[in-house]
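Here is a friendly walk through one structure, from its sheet to a polar corner and on to its core. Have your viewer open as you read.

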Amino acid sequence: MTHHDDEPLAGRRAAVMIGPLFEDVEAIYPYYRLQEAGATVGLIGIDGGETVKGKKGIELITDQAAADLVPDDLDVLVIAGGYGPDKLRTDEGVKALVRGLNASGKPIAFICHAGWVPISAGIVEGRRVTSVPAIADDLRNAGAEWEDSEVVVDGNLVSSRRPADLPAFIRALIDVAVEAAEPVTAN
């Protein structure tokens, strides 16, 4: 097996976005799986250096505020679900980063209630997505085509419904990220 097969995202920069009372496993699982795939992974939120508590009690410290990043800083974004997305979606820095990454065609992955963030960023109209069924109407009202599948890939958008979908979600995200533009190189 070649190094490329072991670490298909070597040289890529990824971030997991979390907000207060995020779904713990939806942050931790992608965080470690993306590292395992070779990416450098950070945690981002509304503020940098902030301790953010998950629904099940895990505490994570954000590395950076979304507002301090530009699309060129990242190759992949995962937005964790839970209650966090309801707070994240109100932040201008979060929405600007998501819009910028989308405009650059970079992979944006969201699971469970995290679909609220791309809705507020205005990037789901005309796109195929999934989510926890509780926000299916929100996505449809934002112009998305919602379907009940463990994972839906539409171009650079990768979405899933719930924690049980995480293996398929991250496999699909890694595939999309590998097919995306070459890694950003440092100046």
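Strand 10 pairs with strand 11 (residues 157-160) in the antiparallel sense, over four bridges. Within this predicted model, valine 153 stands opposite valine 158 in strand 11. The two strands belong to an open sheet of seven strands, ordered 5-2-1-6-7-11-10, with mixed pairing. Strand 5 (64-65) and strand 10 (151-154) are the edge strands, and each of them pairs on one side only. Helix 2 (residues 24-36) packs on the sheet, where it touches strand 1 (13-17), strand 2 (40-45), strand 6 (76-79) and strand 7 (108-111). The direction of helix 2 makes about 155 degrees with that of strand 2.

Now to the loop between strand 10 and strand 11, which holds asparagine 156. Is asparagine 156 buried or exposed? Its relative accessibility is 10%, and because buried means under 20%, asparagine 156 counts as buried. Its side chain takes part in polar contacts with two others, listed here along with a contact made by a side-chain oxygen at the start of helix 4.

| From | To | Distance |
|---|---|---|
| Asparagine 156, side chain | Asparagine 102, side chain | 3.0 Å |
| Asparagine 156, side chain | Arginine 127, side chain | 2.8 Å |
| Aspartate 91, side-chain oxygen | Glycine 93, backbone nitrogen | within 3.2 Å |

Leaving aside neighbours within four places in sequence, asparagine 156 is also in contact with residues including Leu101, Gly105, Lys106, Pro107, Ile108 and Val176.

Asn102 leads us to helix 4, where it is buried, as are Gly93, Val94, Lys95, Leu97, Val98, Gly100 and Leu101. How does the span of helix 4 (residues 92-103) compare with what its 12 residues should give? At 1.5 Å a residue they should span 16 Å, and the end C-alpha atoms are 16 Å apart, so the two agree. After helix 4 comes glycine 105, with a positive phi near 75 degrees.

Finally, the core. The largest nonpolar core contains 59 residues, and those with the most contacts inside it are Met17, Leu34, Leu77, Ile79, Val98 and Ile108. Helix 7 (residues 166-179) supplies the largest share of this core, eight residues. Isoleucine 108 ties several of these threads together: beyond its neighbours within four places in sequence, its contacts include Leu77, Ile79 and Val98, along with Leu101, Asn102, Asn156 and Val158.

Key: Residues are numbered from 1 along each chain as its sequence is written. This is a predicted model: local features need pLDDT of at least 70, side-chain atom pairs count only at pLDDT 80 or more; totals for chains, interfaces and linings use all residues. Side-chain values use heavy atoms; hydrogens and water are left out. A nonpolar core is a set of buried Ala, Val, Leu, Ile, Met, Phe, Trp, Tyr and Cys residues joined through side-chain atoms within 4.5 Å. Buried means under 20% relative accessible area, exposed over 50%, partly exposed in between (1.4 Å probe, protein chains only). Contact means heavy atoms within 4.5 Å. Two strands pair if DSSP finds at least two bridges between them. Axes are lines fitted to C-alpha atoms, for helices over the stretch in contact, and angles run from 0 to 180 degrees between N-to-C directions. A polar contact is a pair of N or O atoms within 3.5 Å; within protein, one must be able to donate a hydrogen and the other to accept it, and residues adjacent in sequence count only if both atoms are side-chain atoms. The expected span of a helix is 1.5 Å times one less than its number of residues.
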